[in-house]
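Reader: I have just opened this one and would like some help finding my way around. Could you walk me through a few of its features?
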Amino acid sequence: MNIRLFELRDDEVAAYMRAAANLPAGYSISFDTQILSEANIDSVAGCEGIIINNKSVMSAALVERAHELGVRYIAIRCVGFNHVDVKRAQELGIKVCNTAYPPYGVAEFTVMLILMALRRCKAAIWRQQVNDYSLDGLLGRELRTLTVGVVGTGRIGRTVIDNLSGFGCKILAYDPYPNAELANRDSLEYVDMDTLVANSDVITLHVPLMDSTRAIINADAIAKMREDVTIVNVSRGELIDTDAVIEAIESEKIGALAMDVFEDEVGIYHENRMHDILANRKMAYLRQFPNVLLTNHIAFYTDIDVNCMVEQGVAAVPAMVEGTCATQL
Ligand code: COI
């Protein structure tokens with residue numbers, strides 16, 4: 001079977017070579033550094049399996065075209081799969097999986113953002129550059145005195161909870177499918193979303209982007225939140241209604257915001273756009289605030305996670321063929 005992998009980055013080449021060498025007999029693999037799109041979809045002709053990352057948006061039309069060209073297996077080598085019309089693929093009999101790289105990198109990054117937000121690190125680092133060593137506006141809060149609301153207790157949310165356990169903060173968790181082991185812990189309490197939103201000083205998001213989670217942080221939710229709330233999002237930009245968040249930063253209801261993701265980030269994040277005129281006004285506007293920390297979708301970007309995404313992604317195609325793929329959707 002021929003497999004074609006898209007969106008290969010330079011830093012993934014070594015892992016790609018290892019993964020290619022480990023494919024079972026009967027499989028051969030090629031790659032493209034570009035995203036998969038209408039422009040290059042014809043290159044999948046003759047490939048039963050394709051592997052994409054987070055930027056190849058596979059609408060129903062693109063999925064249908066891939067199917068016409070013979071694609072029967074789609075391996076998404078990231079956790080999020082909101083960019084692929086999985087339902088349409090499954091209707092056509094295409095098997096689709098995502099990847100479950102270890103949650104530790106993203107969870108550690110989350111805790112870092114929480115602490116940076118609470119300790120006003122962005123403003124402190126900015127001021128260093130201009131010899132401003134004043135304390136004004138840098139008064140922080142101690143995590144041990146606060147309540148952290150963790151939205152989503154899948155692998156990453158659970159690891160964030162584990163990482164937070166040493167800080168002594170109170171933890172509230174929300175998930176439509178609570179984890180039985182977590183539910184038995186004395187150190188946290190599962191609550192409904194409204195209760196979490198109303199009683200947390202820090203809210204961190206670890207849910208996939210779906211119809212039911214799009215804009216879960218919206219004006220209604222923000223109205224119920226505590227004054228000076230800190231919001232952290234390392235999952236998907238569209239979980240947040242950015243306009244509502246901007247208003248709440250302006251009104252100072254939100255005390256700090258840290259986001260590793262942003263709505264419509266594709267084409268911006270992970271690219272060098274230094275000399276370009278960017279059209280994402282909301283990103284440019286939010287970035288100016290001393291209490292808004294934006295990073296360019298790098299929570300996943302660790303040696304371990306990058307290797308794992310490539311190796312698992314490649315191995316997932318034969319695993320789907322054999323019916324042993326643990327992350328098939
Ligand atoms: C994911 O795995 O879903 C991510 O968000 C990381 C992706 C940017 C490669």
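Author: Let us begin with two helices, keeping in mind that this is a predicted model. Helices α4 and α6 are oblique to each other, since their axes, over residues 104-118 for α4 and residues 155-164 for α6, cross at roughly 55 degrees and come within 8 Å.

Reader: And which residues of α4 and α6 make the contact?

Author: On the α4 side the contact is made by Tyr104, Val106, Ala107, Glu108, Thr110, Val111 and Ile114, and these meet Ile156, Thr159, Val160, Asn163 and Leu164 of α6. Sorted by class, the contact has eight nonpolar residues, three polar ones and one charged one.

Reader: What is the handedness of the crossing where α4 passes α6?

Author: The crossing of α4 past α6 is right-handed.

Reader: Switching topic, how many aromatic pairs does the structure hold?

Author: There are three aromatic pairs in the structure. One of them joins Tyr16 and Phe31 in an edge-to-face arrangement, with 5.3 Å from centre to centre and 75 degrees between the planes. This pair links distant parts of the chain, as Tyr16 sits in helix α1 (residues 13-21) and Phe31 in strand β2 (residues 28-31), 15 residues apart.

Reader: Are Tyr16 and Phe31 buried or partly exposed?

Author: Tyr16 is buried, with a relative accessible area of 4%, whereas Phe31 counts as partly exposed at 39% relative accessibility.

Reader: Why is the pair of Tyr285 and Phe289 called edge-to-face?

Author: Because the planes of Tyr285 and Phe289 stand at 90 degrees, with the ring centres 5.4 Å apart, the pair is edge-to-face. Here Tyr285 is partly exposed, with a relative accessible area of 34%, while Phe289 is buried, with a relative accessible area of 14%.

Key: Residues numbered from 1 in each chain as written. Predicted model: local features only at pLDDT ≥ 70, side-chain atom pairs only at ≥ 80, totals over all residues. Heavy atoms only, no water. Axes fitted to C-alpha atoms, helices over the stretch in contact; angles between N-to-C directions. Helix = DSSP H or I, 4+ residues; strand = E, 2+ residues; numbered from the N terminus. Parallel < 35°, antiparallel > 145°, perpendicular 65-115°, else oblique. Left-handed = near helix turned anticlockwise from the far one by under 90°. Contact = heavy atoms within 4.5 Å. Nonpolar A, V, L, I, M, F, W, Y, C, P; charged D, E, K, R; others polar. Phe/Tyr/Trp six-rings, centres within 6.5 Å; stacked < 30°, edge-to-face > 60°. Buried < 20%, exposed > 50% of the residue type's maximum accessible area, 1.4 Å probe, protein only.
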